[in-house]
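Work through the exercises below with the sequence and the 3D view open. Each one sets a task and then solves it in steps.

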Amino acid sequence: MTAHTWWLLLILTVAIAALIYLINSRLRVHPFVALILVSVGTGIAAGEPAAKLAGSIEEGAGGTLGDVGVTLALGAMLGRLLSDSGATDAIARALVARAEPRRLPWLVGAAAFVIGVPMFFEVGLIVLLPLIFSVARRMEEQGGTKGSPYVLLGVPAIASLSTLHGMLPPHPGPLTAMTGLHADLGLTLGVGIVCAVPTVILAGPVYARWIAPRLPDVAPDAELVAQFTGAERQPAETGASAPGARAGAEVPRRTGVPTGLAVAAVLVPVVLMLLRTLAETVLDESSGLGAALVFAGEPLVAMLAGFVFALGVTMVGAARSASGGSGSGRSGEETRASLTDSLKSIAAILLIIGGGGAFKQVLQDSGIGDAIASAAEGAHINVILLGWLIALLLSLTTGSATVGIVSATGIVAPLIGDGGGLEASLLVVAIGAGSLGLNYVNHAGFWLVKESFGMDLTQATKTQTAVQTLVSVLGLAMALLLSVFA
């Protein structure tokens, strides 16, 4: 490597250190602002012309948000509709109804896996808390459970929700990485599912059976349990921080949504995206059916279709509730207000993704990306392991999985050229898995779990931190295993 290459790598190292300092120091700079500041400083230090630097930032931020932003907005509204309509509650209760106690951790994990497709980690957990608390209280009354039933049921939910949030589109992290690495959507979905299933099993029900007897004293506050398992209440506000989630989250009301429609609403986007891959693989390019399926499987169109279907499910639920005289149907104004509120919860995420896109583009246009590729080629570093490690370290040090993903994507993107193929999809999974590991006190999800289940710091570390680190390591292991076929 030349002296200039070493200089560019030094600039990258300083840029990452500056990003961590700005976010974690007493300054507490917002990650979006920190990413933009670091992008500007990196471009200037690398010698990118000032006139071109502004264009790089605009192109990177605008291009990334153009690919990801609208899809994420529709996903957030889809998740809120499913929660408010009672669809997610119907799915969860249908899965665990009349089940044997030994099967309950597996069924709660399965319910979380389905519900986690359109929902962020924090939102999905709040939606599932009524189910977890009511079933755990029933297990307490029946007796015979080794350890805390709340841990036994909570761990599988945490494992499923975190795995989906970090490793599968259409969640923001994987979708952003997929866009930045030019990975194929259908292949990424397929690879993600293959990696996710064994990860969820081992980090969820299997680990829960081991850790629950070692945490026998874990139990939420009795008032909180009563709040979540009592009479019908209004839906919880989503996107709240952990302390607020404990004080203000309430039971999603049920509005008579048929379980079949609920499951269909959750799976519509995923099915359309998988059909797109099937059409591209099997059907001829000139086929009208193939063209229609490819169009319907675009992330934006698939999420829009899921949203429209969920809106219909909401109307069905409201009509059933009204005909039953329960008075719990939602008016159009209530639905619009709820959807507006759902967008507030992703505003910060969208800005961070835009800032990450700007950082990625500056790395590429300034020549730092080529220096990274040159260094990695000379050092023979496995790109999947490198992407996972960078995402892990940045997520740990900044407290933001999104920052870890978008920054790691920008750093490793030059290593795979134009992207595509199995390697790019596995790299998406690995980066997402890396962003989940070592989830501790600087992550909002840690506090949500700690406060919701009434844990102390040690107990929360043995559950939330341990589970997400297991998910991270197992996700990497599965990606490396599948890379043998790349």
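Helices here are DSSP runs of H or I with at least four residues, numbered from the N terminus. The model is predicted.

**Exercise 1. Describe the chain as a whole: how many helices and strands does it have, and what share of its residues is buried?**

Step 1. Count the secondary structure elements: the chain has 22 helices and zero strands.

Step 2. Turn to burial. The chain has 486 residues, and 55% of them count as buried.

Step 3. Look at the contacts with a separation of 6 or more. Residues 24 or more positions apart account for 79% of these contacts.

**Exercise 2. Place Pro31 in the fold and decide whether it is buried or exposed.**

Step 1. Locate the residue: Pro31 belongs to helix α2, a helix that covers residues 31–45.

Step 2. Apply the cut-off. Pro31 has a relative accessible area of 16%, and buried means under 20%, so Pro31 is buried.

Step 3. Find the partners of Pro31. With neighbours within four places in sequence left aside, Pro31 is in contact with Ile23, Ile352 and Val403.

Step 4. Check a distance across the sequence. Pro31 and Thr402 are 371 residues apart along the chain, and their C-alpha atoms are separated by 9.5 Å.

**Exercise 3. Classify Leu37, which lies in helix α2, by its accessibility.**

Step 1. Take the value: the relative accessible area of Leu37 is 48%.

Step 2. Compare it with the limits. Partly exposed lies between under 20% for buried and over 50% for exposed, so Leu37 at 48% is partly exposed.

Step 3. Add the spatial relation. Leu37 and Phe359 are 322 residues apart in sequence, and the distance between them is 9.3 Å from C-alpha to C-alpha.

**Exercise 4. Examine the backbone of Arg28 and His182: what sign does phi have in each?**

Step 1. Start with Arg28. Its phi is positive, about 50°, although Arg28 is not a glycine.

Step 2. Place Arg28: the residue lies in the loop between α1 (3–24) and α2. Its relative accessibility is 58%, so Arg28 counts as exposed.

Step 3. Continue with His182. Phi of His182 is also positive, near 55°, in a residue other than glycine. His182 lies in the loop between α8 and α9 (185–211).

**Exercise 5. Determine the surroundings of Gly204 and Val123.**

Step 1. Assign the helices: Gly204 is in helix α9, and Val123 is in helix α6 (residues 121–142).

Step 2. Assign the burial class. Gly204 has 0% relative accessibility and so counts as buried. Val123, at 12% relative accessibility, counts as buried.

Step 3. List the contacts of Gly204. Apart from neighbours within four places in sequence, they are Val155, Pro156, Ala159 and Thr199.

Step 4. Give the distances. The C-alpha atoms of Gly204 and Val108 are separated by 9.6 Å, with their positions 96 residues apart along the chain counted as the sequence separation. For Val123 and Ala76, 47 residues apart along the chain, the C-alpha separation is 9.8 Å.

**Exercise 6. Describe how helices α21 and α22 pack.**

Step 1. State what is needed. Two packed helices are described by the angle between their axes and the distance between the axes.

Step 2. Supply both values. Helix α21 (residues 444–452) and helix α22 (residues 457–482) meet at an angle of about 120°, and their axes are 9 Å apart. The crossing of α21 past α22 is right-handed.

Step 3. Name the contact residues. From α21 they are Gly445, Phe446, Trp447, Val449 and Lys450; from α22 they are Leu457, Ala460, Thr461, Thr463, Gln464 and Thr465.

Step 4. Sort these residues by class: five are nonpolar, five polar and one charged.

**Exercise 7. Characterise the second largest cavity: what is its volume, and which residues line it?**

Step 1. Count the cavities of 30 Å³ or more: there are four.

Step 2. Give the volume of the second largest cavity, which is about 70 Å³.

Step 3. List its lining: Thr64, Thr176, Thr179, Gly180, Gly356, Gly357, Lys360, Val406 and Thr409.

Step 4. Trace the lining to helices. α8 (172–180), α16 (347–365) and α19 (401–412) each supply at least two of the lining residues.

Step 5. Sort the lining by class: one residue is nonpolar, seven are polar and one is charged.

Key:
Residues are numbered from 1 along each chain as its sequence is written. This is a predicted model: local features need pLDDT of at least 70, side-chain atom pairs count only at pLDDT 80 or more; totals for chains, interfaces and linings use all residues. Side-chain values use heavy atoms; hydrogens and water are left out. Axes are lines fitted to C-alpha atoms, for helices over the stretch in contact, and angles run from 0 to 180 degrees between N-to-C directions. A crossing is left-handed if the near helix is turned anticlockwise from the far one by less than a right angle, and right-handed if clockwise. Contact means heavy atoms within 4.5 Å. Ala, Val, Leu, Ile, Met, Phe, Trp, Tyr, Cys and Pro count as nonpolar, Asp, Glu, Lys and Arg as charged, and the others, Gly among them, as polar. On a 1 Å grid over the protein atoms alone, a cavity is a set of points where a 1.4 Å probe fits but cannot get out, and a pocket is an open set with protein on both sides within 12 Å along at least five of seven lines; lining residues have an atom within 4 Å of a point. Grid points are joined across faces, edges and corners, and a volume is the space filled by probe spheres set on the points. Buried means under 20% relative accessible area, exposed over 50%, partly exposed in between (1.4 Å probe, protein chains only).
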